[in-house]
Amino acid sequence: MGTSVSCAVSGGADSLALLALAVAGGLHVTAIHVDHGLRPESATEANIVRSAAEAVCAQFQAVTVEVGQGPNLEARARQARYQALPDDVLTGHTADDQAETVLLNILRGAGLDGLAGIRPTGGPSQCVGHPLLAIRRSETEAVCQLMGWTPVSDPSNNDHALLRNRIRQQILPLLNQAAHRDLTPILSRQAALMADDSALLDELAAEIDPTDAKAVAAAPVALARRAIRKWLSGAHPPDAASVERVLAVARGEVIACELPGGFRISRTNQRISITSAPAQD
């Protein structure tokens with residue numbers, strides 16, 4: 001029996017291809033379908049995934065999650081989904097997803113880490129596997145056709161209110177036309193190069209104690225920023241302005257600063273500390 005893995009399978013072409021390829025690769029696969037309860041047809045989609053899993057002798061698991069209230073439905077659904085999946089789950093992200101993610105991050109003003117896109121291993125747990133990053137979406141569709149499967153079509157993929165969909169259906173095709181070439185392999189290759197550079201910078205920045213003001217001030221600014229960003233990162237990385245404020249404290253340009261979320265950064269005897277900001281009267 002091969003290595004046991006879990007695959008997140010929505011019923012779309014990419015995740016169904018992941019299921020088929022994982023089984024073909026000799027792995028012992030459990031296909032996990034997450035129902036967010038956001039569309040009435042989601043129960044039918046679970047049955048499609050169940051049938052596909054049975055067809056390739058894989059295990060099947062259905063999970064229902066509740067998406068919390070608040071803004072950014074896409075982000076909330078993603079958070080609920082990953083909370084329900086194993087930390088080391090495999091997903092069907094492809095080279096096309098990689099290219100779209102790089103462009104999305106450029107438009108959001110991301111730095112080097114964002115330009116690295118989707119890492120082979122990453123996700124919220126930093127253990128999620130993305131084994132299909134070298135495969136095109138057209139190839140996953142071909143796998144499904146070969147298997148005789150009709151993938152689920154998610155209507156939200158046609159919602160142009162979502163930036164990723166506009167990138168996929170409008171911006172990237174326009175860039176391809178302007179460049180007279182398919183940019184997806186280029187963007188994917190650049191992401192891999194950026195990821196290597198990012199990993200090296202992370203390794204070097206890890207040697208800097210972000211609470212040592214003197215060490216932070218003396219370090220190359222690219223490494224100092226990275227050390228501070230890592231120190232401040234929680235559920236989300238800090239914005240560039242927050243990192244620069246902490247750098248100013250380390251350099252002695254200011255004694256203290258306040259950051260979003262109600263935090264205060266201060267320097268005492270060359271040590272930087274983070275505390276709750278004083279309550280406002």
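Here a trainee and a mentor talk through a predicted model of one protein chain.

Trainee: Let's start wide. How many helices and strands are there in the protein chain?

Mentor: The C-alpha atoms of the chain fill a box of roughly 70 × 45 × 40 Å along the principal axes. Of its 281 residues, 39% are buried. As for the elements you asked about, the count is eleven helices and eight strands.

Trainee: Okay, now the open sheet of three strands. What is its strand order?

Mentor: Begin at the edges, where each strand pairs on one side only: these are β6 (256-259) and β8 (271-276). β7, residues 263-268, pairs with β6 in the antiparallel sense over four bridges. β7 also pairs with β8 in the antiparallel sense, over six bridges. Put together, the order is β6-β7-β8.

Trainee: Which residue stands opposite I265 in β8?

Mentor: Look along the pairing of β7 with β8, which runs over six bridges. On the other side of β7, the pairing with β6 puts L259 opposite F263. For I265, the residue standing opposite in β8 is I274.

Trainee: And what is the phi of N269, in the turn of the hairpin?

Mentor: The hairpin is formed by β7 and β8, with two residues between them. Q270 lies in that loop too, and its phi is near 65 degrees, a positive value in a residue other than glycine. Q270 is partly exposed, at a relative accessible area of 41%. N269 has a positive phi as well, of about 50 degrees.

Trainee: Which strands does helix α10 touch when it packs on the sheet?

Mentor: Find α10 at residues 221-232; its direction makes about 30 degrees with that of β8. Helix α11 (residues 240-250) packs on the sheet too, with a direction about 165 degrees from that of β6. The strands touched by α10 are β6, β7 and β8.

Trainee: Are α8 and α10 roughly parallel or roughly perpendicular?

Mentor: You describe two packed helices by the angle between their axes and the distance between the axes. For α8 (residues 184-205) and α10, the axes are 9 Å apart and the angle is about 80 degrees. Angles of 65 to 115 degrees get one name, so α8 and α10 are roughly perpendicular.

Trainee: How many residues of the contact of α8 with α10 are nonpolar?

Mentor: On the α8 side you'll find S198, L201, D202, L204 and A205. From α10 come L223, R226 and A227. Sort them and you get one polar and two charged residues, while the nonpolar ones number five.

Trainee: Where is the kink in helix α7?

Mentor: Helix α7 covers residues 163-179, and its kink is about 35 degrees. There's a proline, P173, shortly after the kink. The kink itself lies at I171.

Trainee: Which residues of α7 are buried?

Mentor: Check what lies over them: the cover includes α4 (95-107) and α8. Past the end of the helix, H180 takes a positive phi of about 55 degrees, just after α7. Back inside α7, the buried residues are N165, I167 and L172.

Trainee: Is T94 buried or exposed?

Mentor: T94 sits in the loop between α3 (73-84) and α4. Leaving aside residues up to four places away in sequence, T94 touches D14, L132, L133, I135, R136, R137 and T140. Its relative accessible area is 0%, and under 20% is the cut-off, so T94 is buried.

Trainee: What about C57: buried or exposed?

Mentor: C57 is in the loop between α2 (42-55) and β3 (59-64). Its phi is positive, about 60 degrees, although C57 is not a glycine. With a relative accessible area of 71%, against a cut-off of over 50%, C57 is exposed.

Trainee: Last one! How far apart in space are E54 and A31, C-alpha to C-alpha?

Mentor: E54 is in helix α2, and at 54% relative accessibility it counts as exposed. Along the sequence, E54 and A31 are 23 residues apart. In space, their C-alpha distance is 9.8 Å.

Definitions and conventions. Residues numbered from 1 in each chain as written. Predicted model: local features only at pLDDT ≥ 70, side-chain atom pairs only at ≥ 80, totals over all residues. Heavy atoms only, no water. Pairing = 2+ DSSP bridges. Contact = heavy atoms within 4.5 Å. Axes fitted to C-alpha atoms, helices over the stretch in contact; angles between N-to-C directions. Parallel < 35°, antiparallel > 145°, perpendicular 65-115°, else oblique. Nonpolar A, V, L, I, M, F, W, Y, C, P; charged D, E, K, R; others polar. Bend = angle between axes of the 7 residues up to and from the residue. Buried < 20%, exposed > 50% of the residue type's maximum accessible area, 1.4 Å probe, protein only.
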